[in-house]
Amino acid sequence: MANTNVFAFAESRSGELRRAALEAVTAARGVADSTGGQVHAMLAGGPGIAALAAKLAACGADVVLVLENPGFANYNPEALAATIAGRLTSNGYRAAFFIASAQGRDLAPRVAAKCQLPIAADVTEFSVGADAVTVKHPGYTGKIIQSFTLRAATAILSLRPGAVLPRESAKPGTVEQITSAIDPSSARVVVTSTVRSEGAKLDLGEAPVIVSGGRGLRESGNFKLVEDLAAAFGNAAVGATRAVTDEGWRPHSDQIGQTGRLVSPQLYIACGISGAIQHLAGMRTSKTIVAINRDKEAPIFKVADYGIVGDVLEILPVLTAAVKEAKKGA
Amino acid sequence: MKIAVLIKRVPDMDLRFKIASNGTSVDESGLKFDISDFDGYAVEAALQTKEKQADPAASEVVVISLGPDVVQETLRKAMSLGADRAIHLKCDTPVHDSYAIATALAAELKGGGYDLVMFGRMSIDTANQSTGPIVAELLGLPIITAISKLGLEGGRVKARRELEGSYELIECPMPAVVTIDEGIARPRYPSLKGIMAAKKKPLEVKPAQVGEERYKLDKMELPPERAAGRIIGEGKDAVPELVRLLKEEAKVL
Amino acid sequence: MTSASSMVFTVVVVAALGFFAYNVQRLVGELRLGHRDDVRWNDLPRRFWNLLQIGLFQKKIFRDSVAGPMHAAIFWGFCVLTLGTTEMIVAGMFPGFSFAPFVPAPLYRFYEMNQDLWGALVIAAVSFALFRRLTKRVKRLQGKETHADDPLLILSWIGVLMITMFASHATTGVLHDLFWWSHALLVLGFLNYLPYSKHLHVVVSLPNVFLSNTSGPGVIGAMRPMDLEGDVAVFGAKDVTDLSWKSLLDGFACTECGRCTSVCPANITGKLLSPRKIVINVRERLEAEAKGDHSKTLLDDFITEEELWSCTTCRACVQECPVSIDQLSVILELRRNLVLGESRFPAEVMPAFESMEQRGSPWAFDPGDRGKWAAGLDIPTMAEMAERNERPEVLYWVGCMGSFDDRAKKTTVAFAKILKAAHVNFAILGQEEKCNGDVARRMGNEYLYQMLAKENIATLDRYGVKTVVTACPHCFHQIGNEYPQFGGNYEVVHHSTYIESLMAAGRVPLREDLHEPVRTFTYHDSCYLGRYNDVYDAPRETMKRALPMLNLVEMPRSKDRGLCCGAGGGRMFMEEKVGKRINAERAEEALATGADAIAVACPFCMTMMADSIKSRDSHVEVYDVAEVVAGRLAV
């Protein structure tokens, strides 16, 4: 008799739900709708975490398993993995959804290992069948899409963040208090603190958006326009070309290019950058490239998905305002 | 201190790939291979750890790789950087199930007396980021994944992990498993002296005891072609159109 | 001179010569600490010609219009006066000796007159030299590495020698004897002081010029081939004992004149590197090593990484040295040790090394894109021609910059258009081309270089290539001058030379020059084309033929004095953190000519000049010579 219920891990940090939680529940809901089973979402955290259950119910959780324990105020990988594994082993689930966030990438394989189950990681598309699950997962720095078949009574899936859009699907979300499978203080791996990098510069290697400036900005003071645009995005880092770091307008650590950083963000906005071979070598694998330059023959336009020909000093403030507007709506 | 580093031989990622006629592998003609990027950082971190020991000569860095005979080149490269010896777990067919791979690795590592077992946080080609934690579980060792700073103090691993917009300070006792992220160390460049020395270092070959494969590769395909870019307009009047495209077409806003 | 005093004098002479011989033997022993080197008895005609031109006729000395005549006067005077001194000394041992009986009387009188004439010239010259040193603060004569008091001592010594010589001629009796003995003792003392002074160059410089390969014989600027298979204890050089005996001899030949340092682009723009210091350090370290000091090494203790990596390998130092010292070879051997032995090099270079190894190009571009510039131009690849059983007249070797850099690609296309217009039967290698390896070799990475060179040679030989034309001087130098070390022998022509020959044969159809405006160009000489391969005129002639209305103005530092653009020696891939940017220095010089356009013949020079010019918001354009010609093609 095949399992019909679907498990979803709802990630939270510092007492707040992460977007990953809603994505996981939505994914589980989709599968449960076709198997006819229930979605059991799990929340773990310090005292008070149960308050987040309602949001999970709104996305489709029939049951919300709440593990409320001071030992889980910080991420407790071993205790959490043991508890989830215990739950998956004792209750039959068709699938268990995690999101491959920084935490999910750590947690999901631990769970799979404890359950002695295979895992499909960094999944962008999936289809849960009666005896097999098929998934798609990009590899080779995104240059190849691989399709896999996973065979297990319980399929453990770790989805790429953003692969699933959270959807409303109101369900009861009955809260069920659960206890940790092991004493949380006995865990060998201990998170001693979680520190928010408030105001700290987002690293070029991590930032999903990079706004970069080149010599077209004419003088170092104009870099403020680049910084303003990055701030408008909220999750953007600021980069620079070699020409500009050589002039001393920006530190060498900001340099993107052959002798600087090699980056691959979701969105790369090149402001006043001509696109010399030195620079292109550092950013051409970015998913979407926008270029703003007054020279329509500039090589950057050959790699840019979208280009605007014009004076970058004029365009940036307008773009910044537009991005701020767009973000407000989101 | 005895350190094991698990490495994988991968093709150079900067080239365009073609799918082989069998549909389940990459066409290797014209490809150059090297140590997977994150594994390279792990090797460097291991070498630096050894060099920082009170008596480096009493420490050992062992590199291990699973795959066909050709991975021996990659093991020699790791030894040219400074690893002391290598173990080749021979497996001629590609395996994609992290659990199955982990079974083979754990079988080799068990009883090896390693203080630290290091992985790259993921292989740059298959990018599953799962093998390390499964190996740790099979060995019964604590594991910290994706660390950007590594410290060893008083028999404990003290590390830092980057999260989204924040970071964790995290620790565990040794012996332990760690997977290495970017930022720990820049790999060194092999000197000719190192390359020559590596030819003489010990390399052991053993059959890999791969577990049952429950996650199988059906096919590989290329993603849809990147559409040619276009200049969408001139001056600040083009901005609204750009924002629209970023939102609706590129979906990055 | 009495027989008693002549006996005493003979003893003195024997003692002095004996002591000198001891020092010679000691110095030769020091040279033996270095290792074997190429045969230097080959190509005797060339060697004697160098000895004549550079040595005797002071060709390089005269490149300085003030110090040139001054030194020539001292040197020629020295040569002439040596005859007189010899006569005098022999006469001192064998009273009554003279050359007079051996030569016709008029010749002897001529000889006597010259002794006086040159003696006077020498006094004038050393006086001027002293005056110049003491009052003029000549920049290149200063430097922490120099021995500042030595020249003053020597100049004064020579002065006093001349005075005592004249004085002894002008006096008699006791006074004469006094001056005579002073002169003799000063001469013998001078001779024996030489081994302890930088003025050893007096003895060593002519042999050094003779034994040197820097002005040919042999290939100019080719690096020493290395055997990487053998069990080598040391790669390159870490200490003086790892250098060749010739490099050590260079140390003895150096007179600390500073001309090399004064033309070094790195030094001019404020970097620590001083070619003179490199040579002086070699001598200093050698002398310490010979005395038993093994606690230090030339690398790190005397010459630092910072100095070594600042070098652009432009060869200006070698060009300028009046005694044919090869400063550059020491720098390159030390680089080899850093890279091959210890993997020590600027971190920013590593991606270039890795990319050359993985992708055959220092930039992370897909090798599959190499031939893309030729799309739509109907240019066959060697592979395509081979399939049709055809062979082209010439292979156009494009190079990495020409294949991948957007600006350089324009030059590539321009040259291809010229070839097409001239109906030259040519082909390209396309994807089969790999980086020529020069960047790796100049940075000391011989291992990577040999890998690339051997792969390229295998490809070229597979297609039976005989003639190669290339627009990149580095490719030109490598394939033509250094690939023969690995069995690759091809006739290689630089594109400017090739275009010129096509034009001379009337094969390039140019438009009529009706009412074309006068263009003022200045041409920036490429180091690897110029100082490495003596190609200075072809690019200029090519431009003149193409642009009849050309006004070609020269920069103050042009031809073999041309200032490097700053990209050679792997520096294109390194950060420039100290002092003024080399390309800024050169761009300023170019702009100061008032030219409205700058012509280059090298893609690296193109990038460096264009970058610097752009940053000045100038409207002066930079063109490759091929573009100048292509722009005038009758389409």
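Three exercises with worked solutions follow, on a predicted model.

Residues are numbered from 1 along each chain as its sequence is written, and chains are lettered from A in the order in which they are written. In this predicted model, local features need pLDDT of at least 70 and side-chain atom pairs count only at pLDDT 80 or more, while totals for chains, interfaces and linings use all residues.

**Exercise 1.** State how many residues chain A and chain B each bring to their contact, and which element of chain B gives the most.

Solution. Contact requires C-beta atoms, placed from the backbone, within 7 Å. Chain B brings 64 residues and chain A 62 residues. On the side of chain B, the elements that each supply at least two residues include α3 (98-109), β7 (143-153) and α6 (239-248); helices (H or I, at least four residues) and strands (E, at least two) are DSSP runs, numbered from the N terminus. The most comes from β9(B), with eight residues.

**Exercise 2.** Find which strand of chain A is joined to β13(B), and the partner of G307(A).

Solution. Strands pair if DSSP finds at least two bridges between them. Strand β18 (residues 306-309) of chain A has four bridges to β13(B), and the two run parallel. G307(A) is bridged to I231(B).

**Exercise 3.** Describe the packing of α11 (residues 275-290) and α15 (residues 327-342) of chain C.

Solution. Axes are lines fitted to C-alpha atoms over the stretch in contact, and angles run from 0 to 180 degrees between N-to-C directions. The angle is about 75 degrees, with the axes 9 Å apart. Therefore α11(C) is roughly perpendicular to α15(C) (65 to 115 degrees). Helix α11(C) contributes P275(C), I278(C), V279(C) and V282(C), and α15(C) contributes Q327(C), V330(C) and I331(C).

Terms used
Contact = placed C-beta atoms within 7 Å. Parallel < 35°, antiparallel > 145°, perpendicular 65-115°, else oblique.
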